[in-house]
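Please walk through the structure shown below, with attention to its ring contacts, its enclosed and open spaces, and a few single residues.

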Amino acid sequence: MRLESPALRYFLAVAEERSISRAAANLGISQPALSKALRQLEDSLGVQLFMRSPSGATPTAYALHLREHALLVQKTLDEATDSIALMRHGKIGTLHIGGGSSLVSNVIPRAVAALSARYPDLNVQITTDTTDELFGALGDGEFDAIVVALSNYDVRQRFDTIELFSGELGVTCSMHHPVARMRKVGLRKLLEYPWVMIGANRLIMENLHRIFTAEGLSPPSPKIFCNSFRYVTEHLRSSDALSVLARQQIESESSDLCFVDSPVRWRRGVGIVTRKNTFPSRALKEFIAILRGLGRQYTAESSWKGKR
C-alpha cells in the first residue's frame, strides 16, 4: 500500500484526462463522487480548477499551477513509501545526483566514494548536464540534489543552497601552447586561437562577453562544445585551443595543462542545491555532510596556495 493524498490523486486524474467521466472510470469511482471531491478541493482553495463543458474539463491557470506542486507531492510520497520499505529490509535506497561536467569529474566522485564506503547497498545515479538544464530537472523532481556553480542564479524562491567553496576560473591551455609561458597575455592575443568549451555554459559565455566588450573587442566564438570535461582537457592537450576551466582542478589534476596569465579570470561559488520544503533522505543528508567536508578541505587548500 502506498502513501497518497486522495484529493490530489483525483485532481491529477482529471487534469490528465481532461474529462471527469474518463477520470472516474480510471479511478474506479463514480462520476458524482469525483465531482463532489473536486468541488470540495475547489472550495478549500477558493478558486475554480476546471472549466466544465459537455466536451470535458479544461484546467484553469490555477489548475496548471497546482498540477506542478501536486506532482512533486506525489513523488515525495512515493519516495517516502519506498524509503520506508527499504529501511524495513535494512537498505538505504537510491540517490539521484546531477552535476556540472567538471564537478562530476572531480568533486562528486570523491563524495560518492566516501558515501558508498559507508553505505555499500546505496544505489547512486549521476547525471551531468548544463547548469540551466540541471536546475530545471531539479525543479521537476528528477534529482535529489545538484552540485553546480552558483554565480548569477537566483535560487532562493524554489531551492535551498549550501555554498561549498569558491574557486577561480580562467583561460586554460596545453603546457606546449605558445601562450603557456607568456606573462600578461592580452585579450587580442587570446583571440588568435580557437576555443573549446564545456557545454553551452551561459555563465562562462556571459563573463567572456563582459570582459572582452569592456575593451571594445568581440568575445571569443567557440566552435566546439562538449559536456565532457575529459574531452575538453584532452582536446586542449592535442591542439592550440583555449578554454575556461577552474584553476584548482587544473593544478591538482592536470600537470600538462596550465592556467594562462591573462585578464580573463573571475571567481565562482560551487554549491549543492535541493528543492525547498522537501525531506532529505538519510543518504542525501550524509552526501551533503561529506560535500561540506570536502568544501572545507578545498577552501583550506586554496588559502594555502594563495599564500605561497
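In this predicted model, the number of aromatic pairs, taking rings whose centres lie within 6.5 Å, comes to two. One of these pairs is formed by Phe11 and Phe50, whose ring centres are 5.7 Å apart and whose planes make an angle of 50 degrees, so that the arrangement counts as tilted, given that planes under 30 degrees apart would be stacked and planes over 60 degrees apart would be edge-to-face. Because Phe11 belongs to helix H1 (residues 6-17) and Phe50 to strand E1 (residues 50-53), the pair ties together parts that are 39 residues apart in sequence. As for their surroundings, Phe11 has a relative accessibility of 0% and therefore counts as buried, and Phe50, at 0% relative accessibility, counts as buried too.

The pair of Phe135 and Phe159 is edge-to-face, with 5.5 Å from centre to centre and 65 degrees between the planes. This pair also links distant parts of the chain, since Phe135 sits in helix H7 (residues 131-139) and Phe159 in strand E6 (residues 159-174), with the two positions 24 residues apart in sequence numbering. Phe135 is buried at a relative accessible area of 8%, and Phe159 is likewise buried, its relative accessible area being 8%.

The surroundings of Phe11 can be followed a little further by way of Ala37, a residue of helix H3 (residues 31-45). The C-alpha atoms of Ala37 and Phe11 are 8.6 Å apart in space, although 26 residues separate the two in sequence. Ala37 has a relative accessible area of 17% and is therefore buried, the limit for that class being under 20%.

The next topic is enclosed space. How many cavities of 30 Å³ or more does a search of the whole structure find? The search gives three cavities of at least that volume, and the largest cavity has a volume of about 240 Å³. Its lining is made up of 21 residues, and those that lie nearest the centre of this cavity are Ser101, Ser102, Ile198, Asn201 and Arg268. Two or more residues of that lining come from each of helix H5 (101-104), strand E5 (145-149) and strand E9 (243-246). Sorted by class, the lining of the largest cavity holds ten nonpolar, nine polar and two charged residues.

Among the open spaces, the second largest pocket has a volume of about 510 Å³. The lining of this pocket consists of 18 residues, with Glu68, His69, Leu72, Arg275 and Lys276 lying nearest its centre. Helix H4 (residues 61-88) provides the largest share of the lining, namely eight residues. By class, the lining of the second largest pocket comprises five nonpolar, seven polar and six charged residues.

Helix H9 (residues 202-213) can be described by its span and by its buried residues. With twelve residues, helix H9 reaches 16 Å from its first C-alpha to its last, which is close to the 16 Å expected at 1.5 Å a residue. The buried residues of H9 are Leu203, Ile204, Asn207, Leu208, Ile211 and Phe212. Because these residues cover an arc of only 150 degrees around the axis, they lie on the same side of H9.

Some loop residues deserve a look for their backbone angles. Arg18 is located in the loop between H1 and helix H2 (20-27), and its phi is near 55 degrees, a positive value in a residue other than glycine. With 43% relative accessibility, Arg18 counts as partly exposed. Lys184, which lies in the loop between E6 and helix H8 (187-190), has a phi near 50 degrees, again a positive value in a residue other than glycine. Lys184 is exposed, with a relative accessible area of 69%, exposed residues being those over 50%.

A last stop is His96, placed in strand E3 (residues 94-99). What is the distance in space, C-alpha to C-alpha, between His96 and Asp144? The two C-alpha atoms are 5.3 Å apart, while His96 and Asp144 are 48 residues apart in sequence. At 25% relative accessibility, His96 counts as partly exposed.

Key
Residues are numbered from 1 along each chain as its sequence is written. This is a predicted model: local features need pLDDT of at least 70, side-chain atom pairs count only at pLDDT 80 or more; totals for chains, interfaces and linings use all residues. Side-chain values use heavy atoms; hydrogens and water are left out. Rings of Phe, Tyr and Trp (its six-membered ring) pair if their centres lie within 6.5 Å; planes under 30 degrees apart count as stacked, over 60 as edge-to-face and the rest as tilted. Helices (H or I, at least four residues) and strands (E, at least two) are DSSP runs, numbered from the N terminus. Buried means under 20% relative accessible area, exposed over 50%, partly exposed in between (1.4 Å probe, protein chains only). On a 1 Å grid over the protein atoms alone, a cavity is a set of points where a 1.4 Å probe fits but cannot get out, and a pocket is an open set with protein on both sides within 12 Å along at least five of seven lines; lining residues have an atom within 4 Å of a point. Grid points are joined across faces, edges and corners, and a volume is the space filled by probe spheres set on the points. Ala, Val, Leu, Ile, Met, Phe, Trp, Tyr, Cys and Pro count as nonpolar, Asp, Glu, Lys and Arg as charged, and the others, Gly among them, as polar. The expected span of a helix is 1.5 Å times one less than its number of residues. The arc is that of the directions from the helix axis to the C-beta atoms.
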